[in-house]
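Hi,

Here is the structure I promised to pass on. Have a look at it first, and my notes follow underneath.

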Amino acid sequence: MTHRRTLLAAAVGAALVLPLAAVATPAVAADEDYEVLVVGKTLGFRHSSIDEATTAIIALGEANGFTVDVWDPPVGNSPGQPTRTLPSTPFTTAEDLSQYATVVFVSTVDGTNNLDPARPTLLDQSELAAFQGYIRDGGGYAGVHAATDTMHTIPWYSQLSGGGARFVSHPQQQTAVQQVEDRTHPSTEHLGDTWTRFDEWYNFNVSPREDVRVLTNLDETSYNPGRNAMGADHPLSWCHNFEGARSWYTGGGHTEASYVDPVFLEHLLGGIAWSAGAVDGGGDCVTWNELDGLLADLVADGTISADAAERITNQVVRSEDLAEAGQNARAATRLAAAIAQVRAHVDDADAEAMLISKVEDLRTWQRETS
């Protein structure tokens, strides 16, 4: 029995354009220009590629209709990017942050991986409160490489960046193969069934698979994963919806060469644009677990009955079983039956619309995967 079934049981009881020499696959065009905040601030180990990543994201913005602000002040031994950084923290209030469609954390190591609660975190309490308010108001988040090696002592951040997965180790840099599990997302639709590249490959404390939509999974037989190997279930990039925000993460991007690699740049652009809400695709990362939580909340607050939730759940669980068996077209058909149950048994108009929207996104994902 899967984790999501336990939750359900409890509930019922702008075309994208790459700079440089790259050519992008067209995606859904953004309706208007938008602003992005790139955070490169570090309190711990400083990745030399942060500057290259920032340069690449600025170029992507110039080519794709978004502007970029940078927060990367000199701190301690970190030189930051003094000619680019904002003069003071942008993490003042949720309202101030709302000017940005998404916030991109680029290898923001803060040295808290020893889980010492006394060690300063990347964002202080006031800045974190502003960021949490921004996320809960529907702001976007994109994490690159060591964005999972920061704020280890703040579980909320680890959930935002990806289902609680935190960096624990990496082997030497080498070539590895990623299995592309989901080609319906704007960050992976340009890829084939596999993606081979040279980078620094992270091992995480847990697999986030239960809580996120896995986009690519590392094939540990294709390289030496070193200590803390994760085995067959080794997600490297993923997306999910979290507290109202679109959240996307890629474990790639350690090397400076990543940021002149057209394939990686298209991956990065798709993640940024999707997290900003500028493009859609593949059911927009709605997960089985996300629908679990929504049903549980609606039952808990009395908006829908336990009977209605059980009827919907029965169809959704069958759909997930089919999806896990690779029968995606049949899974999509079963989700249509779930929508019929919503229409027949949910009386609250807002709840009905919300549930149908989420189930339709799951259906789109399964239909496009088949």
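Start with threonine 175, which stands opposite phenylalanine 198 in E7. The strands in question, E6 (residues 174–180) and E7, run antiparallel and share six bridges; strands and helices here are DSSP runs, of at least two residues (E) and at least four residues (H or I) respectively, numbered from the N terminus. Strands count as paired if DSSP finds at least two bridges between them.

Before you go further: this is a predicted model, with local features needing pLDDT of at least 70 and side-chain atom pairs pLDDT 80 or more, while totals for chains, interfaces and linings use all residues. Numbering runs from 1 along each chain as its sequence is written, and side-chain values use heavy atoms, without hydrogens or water.

The whole sheet is open and mixed, with nine strands ordered E2-E1-E3-E4-E11-E10-E9-E6-E7. At its edges, E2 (66–71) and E7 (194–199) each pair on one side only.

Now the inside. The largest nonpolar core (buried Ala, Val, Leu, Ile, Met, Phe, Trp, Tyr and Cys joined through side-chain atoms within 4.5 Å; buried is under 20% relative accessible area, 1.4 Å probe, protein chains only) has 40 residues, and Phe91, Phe105 and Trp156 are among those with the most contacts inside it. Helix H4 (125–136) is one of the elements supplying at least two of its residues, and H4's five are the largest share. A second, separate core has 34 residues, including Leu191 and Trp195.

Cheers

How values were computed:
Buried < 20%, exposed > 50% of the residue type's maximum accessible area, 1.4 Å probe, protein only.
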